[in-house]
Amino acid sequence: MFKVDIFILKQRPYDRVQLERRVKQIVSIDPERTAYVASAEDNILAKLEWYRLGHEVSERQWRDVLGMLSAQMGRLDLAYMKQWAVALGVADLLERALADADQSAGGSGDSSG
């Protein structure tokens, strides 16, 4: 069993771009079944938006963001994320999360992407 979040497409430009960037993944092997899921970048941006909307108090949301950043670091399109973080009003949270994830990973502190 696994959890699935379903969202109704909004009329924001970001939501249309997010839908266009969806990724097809196998969700069951026998029999094989696939589903479209949001990209890692869009999942992180969504979590940051939820974190902001929840008055930035959910440790779980923040841990999820840091975990996704750490797991995907080096494979993320940081320019895309930074562009849309500004539009979504979460650019400050993204920068903080990148710095926190980099520190946790023992990185160099360069999250400029």
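**Exercise 1. The pocket lining**

Find which element gives the most residues to the lining of the largest pocket in this predicted model.

*Solution.*
Step 1. List the elements that give two or more residues to the lining. They are α1 (13-20), β1 (23-29), β2 (32-37), α2 (40-53) and α3 (59-72).
Step 2. Pick the top contributor. Helix α2 gives the most, with 7 residues.
Step 3. Set this against the whole lining, which holds 34 residues. Asp5, Phe7, Val37, Ala38 and Asn43 lie nearest the centre of the pocket.
Step 4. Add the volume. The largest pocket takes up about 1,200 Å³.

**Exercise 2. The chemistry of the lining**

State how the residues lining the largest pocket divide into nonpolar, polar and charged.

*Solution.*
Step 1. Sort each lining residue by its type. The nonpolar group has 19 members.
Step 2. Count the rest. There are 5 polar residues and 10 charged ones.

**Exercise 3. A salt bridge across the chain**

Decide whether the side chains of Arg12 and Glu49 qualify as a salt bridge, and place both residues in the chain.

*Solution.*
Step 1. Recall the cut-off: the nitrogen must lie within 4 Å of the carboxyl oxygen.
Step 2. Check the distance. From N to O, Arg12 and Glu49 are 2.7 Å apart, and they form a salt bridge.
Step 3. Locate the partners. Arg12 sits in the segment before α1, while Glu49 belongs to helix α2. They are 37 residues apart, so the pair links distant parts of the chain.
Step 4. Classify each by accessibility. Buried means under 20%. Glu49 is buried because its relative accessible area is 14%. Arg12 reaches 26%, so it counts as partly exposed.

**Exercise 4. Two more bridges and a network**

Describe the salt bridges Glu56 to Arg52 and Lys82 to Glu95, then name the residues joined into one network by shared partners.

*Solution.*
Step 1. Take Glu56 and Arg52. Their side chains meet at 2.6 Å, N to O. Glu56 is partly exposed at 31%. Arg52 is partly exposed at 25%.
Step 2. Take Lys82 and Glu95. Their closest N and O atoms are 3.7 Å apart. Lys82 lies in helix α4 (residues 78-88) and Glu95 in helix α5 (residues 91-104), 13 residues apart. Lys82 is partly exposed at 21%, and Glu95 is partly exposed at 35%.
Step 3. Look for shared partners. Arg12, Asp15 and Glu49 are joined into one network.
Step 4. Note the total: the count comes to 8 salt bridges.

**Exercise 5. The nonpolar core**

Name the best-connected members of the largest nonpolar core, and the helix that gives the most to this core.

*Solution.*
Step 1. Start with the set. This core has 22 residues. Ile44, Leu45, Leu48, Trp62, Leu69 and Met81 touch the most other members.
Step 2. Assign the helices. α2, α3, α4 and α5 each supply at least two residues. Helix α4 gives the most, with 6.
Step 3. Follow Trp62. Skip its neighbours within four places in sequence. Its contacts are then Leu48, Tyr51, Leu93, Arg96, Ala97 and Asp100.

**Exercise 6. The surroundings of Val65**

Classify Val65 as buried or exposed, and list its contacts beyond four places in sequence.

*Solution.*
Step 1. Place the residue. Val65 is in helix α3.
Step 2. Read its accessibility. The value is 0%, so Val65 counts as buried.
Step 3. List the contacts. Val65 touches Ile44, Lys47, Leu48 and Ala97.
Step 4. Compare sequence with space. Val65 and Ala46 are 19 residues apart in sequence and 9.3 Å apart, C-alpha to C-alpha.

Note on methods
Residues are numbered from 1 along each chain as its sequence is written. This is a predicted model: local features need pLDDT of at least 70, side-chain atom pairs count only at pLDDT 80 or more; totals for chains, interfaces and linings use all residues. Side-chain values use heavy atoms; hydrogens and water are left out. On a 1 Å grid over the protein atoms alone, a cavity is a set of points where a 1.4 Å probe fits but cannot get out, and a pocket is an open set with protein on both sides within 12 Å along at least five of seven lines; lining residues have an atom within 4 Å of a point. Grid points are joined across faces, edges and corners, and a volume is the space filled by probe spheres set on the points. Helices (H or I, at least four residues) and strands (E, at least two) are DSSP runs, numbered from the N terminus. Ala, Val, Leu, Ile, Met, Phe, Trp, Tyr, Cys and Pro count as nonpolar, Asp, Glu, Lys and Arg as charged, and the others, Gly among them, as polar. Buried means under 20% relative accessible area, exposed over 50%, partly exposed in between (1.4 Å probe, protein chains only). A nonpolar core is a set of buried Ala, Val, Leu, Ile, Met, Phe, Trp, Tyr and Cys residues joined through side-chain atoms within 4.5 Å. Contact means heavy atoms within 4.5 Å.
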